[in-house]
Amino acid sequence: MELDAFSSRLGDGQGRIETSAGETSFVLGNLEPGRMFELRQGDYAEVVQTTDLTAVTLVRARCTLVVPPGLPANLAWEASILVDGVRLASTTCGASRARDLTDLAANVSKLAGDHEVAIRLTLVGA
C-alpha cells in the first residue's frame with residue numbers, strides 16, 4: 001500500500017482511532033494539529049462498504065468535519081455520500097471551520113439489492 005496524506009499514520013493519527021473515552025473515530029486526514037501535506041484540488045479519501053439497500057429509504061452520515069486554518073481561501077472540504085460511485089448528497093466546509101453533520105442523507109428508496117455506499121472527503125474549489 002502506498003503511503004500518502006491519508007494513510008501515512010494509520011491507527012495513530014489516521015484511519016480508525018480509539019479515543020481515551022473508548023469511542024472509535026474514523027479520521028480522514030490527521031488527528032494531530034499542524035501535520036501538513038501537499039494536496040491538490042480533487043484529492044479525496046473515502047470509506048466504502050457494500051450493503052443491501054432493499055427496503056432502505058435513507059443512508060445517513062453523522063460526522064464532524066473539521067477544516068484546518070491553513071487551507072487556502074479558494075479551497076474547501078466536501079463531505080459526500082456516494083452510491084455506486086454517484087454522489088447523492090454533499091456539503092462543504094471552508095478553512096478554520098468545524099461542522100457537525102447530522103443532516104447529510106441520501107435518498108435510496110428506489111434501490112434494491114447490494115450497492116457500494118461510500119462516505120467521501122474531497123478537496124474542492126470554494
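Two strands count as paired if DSSP finds at least two bridges between them. I wrote that down before anything else, then reminded myself that this is a predicted model.

**Entry 1: a hairpin**

I started with strand 5 (residues 75-83) and strand 6 (residues 86-93). They pair in the antiparallel sense, over seven bridges. To get a feel for the register I looked up W77, and it stands opposite C93 in strand 6.

Then I checked the turn. The hairpin of strand 5 and strand 6 has two residues between the strands. D84 is in that loop, and it has a positive phi of about 55° although it is not a glycine. That caught my eye, because most residues other than glycine have a negative phi. D84 counts as partly exposed, at 43% relative accessibility.

I found another case in S96, which is not a glycine either but has a positive phi of about 60°. S96 sits in the loop between strand 6 and strand 7 (98-107). With a relative accessible area of 51%, S96 is exposed.

**Entry 2: the sheet**

Which order do the strands take in the open sheet of four? I read it as 3-8-5-6, with antiparallel pairing. Strand 3 and strand 6 stand at the edges with a single partner strand each, so one side of each has no neighbour in the sheet. On average, neighbouring strands here are turned by 15° against each other, direction ignored.

A reminder to myself from the textbook: strands of a sheet pair through backbone hydrogen bonds, either parallel or antiparallel.

Next I went to strand 3 and strand 8, which run antiparallel and are joined by nine bridges. I picked out T50, whose bridge partner in strand 8 is E116.

**Entry 3: charges**

How many salt bridges are there? The count comes to two.

One of them is R120 with E46, where the closest N and O atoms are 2.8 Å apart. R120 lies in strand 8 (residues 114-125) and E46 in strand 3 (residues 44-52), so this pair ties together parts that are 74 residues apart in sequence. E46 counts as partly exposed, at 30% relative accessibility.

I also noticed what else R120 does: it lies over the face of Y44, at 4.0 Å from the ring centre. So I looked for aromatic rings pairing with each other, and the count comes to zero aromatic pairs.

The other salt bridge I noted joins R87 and E78, with 3.0 Å between the closest N and O atoms. Is E78 buried or exposed? E78 counts as buried, at 10% relative accessibility.

**Entry 4: cysteines**

I looked for disulfides and found zero. Why is there no bond between C63 and C93? The cysteine sulfur closest to that of C63 is in C93, and it is 10 Å away, which is too far for a bond. A disulfide needs the two sulfur atoms within 2.5 Å. Starting from C93 gives the matching picture, since its closest cysteine sulfur is the one in C63, at 10 Å.

I checked how accessible they are, too. C63 counts as partly exposed, at 27% relative accessibility, whereas C93 is buried, with a relative accessible area of 1%. C93 is also the residue I had met opposite W77 in Entry 1.

Terms used:
Residues are numbered from 1 along each chain as its sequence is written. This is a predicted model: local features need pLDDT of at least 70, side-chain atom pairs count only at pLDDT 80 or more; totals for chains, interfaces and linings use all residues. Side-chain values use heavy atoms; hydrogens and water are left out. A salt bridge is a side-chain nitrogen of Lys or Arg within 4 Å of a carboxyl oxygen of Asp or Glu. Buried means under 20% relative accessible area, exposed over 50%, partly exposed in between (1.4 Å probe, protein chains only). Axes are lines fitted to C-alpha atoms, for helices over the stretch in contact, and angles run from 0 to 180 degrees between N-to-C directions. Rings of Phe, Tyr and Trp (its six-membered ring) pair if their centres lie within 6.5 Å; planes under 30 degrees apart count as stacked, over 60 as edge-to-face and the rest as tilted. A charge sits over a ring if NZ of Lys or CZ of Arg is within 6 Å of the ring centre and within 35 degrees of the ring normal.
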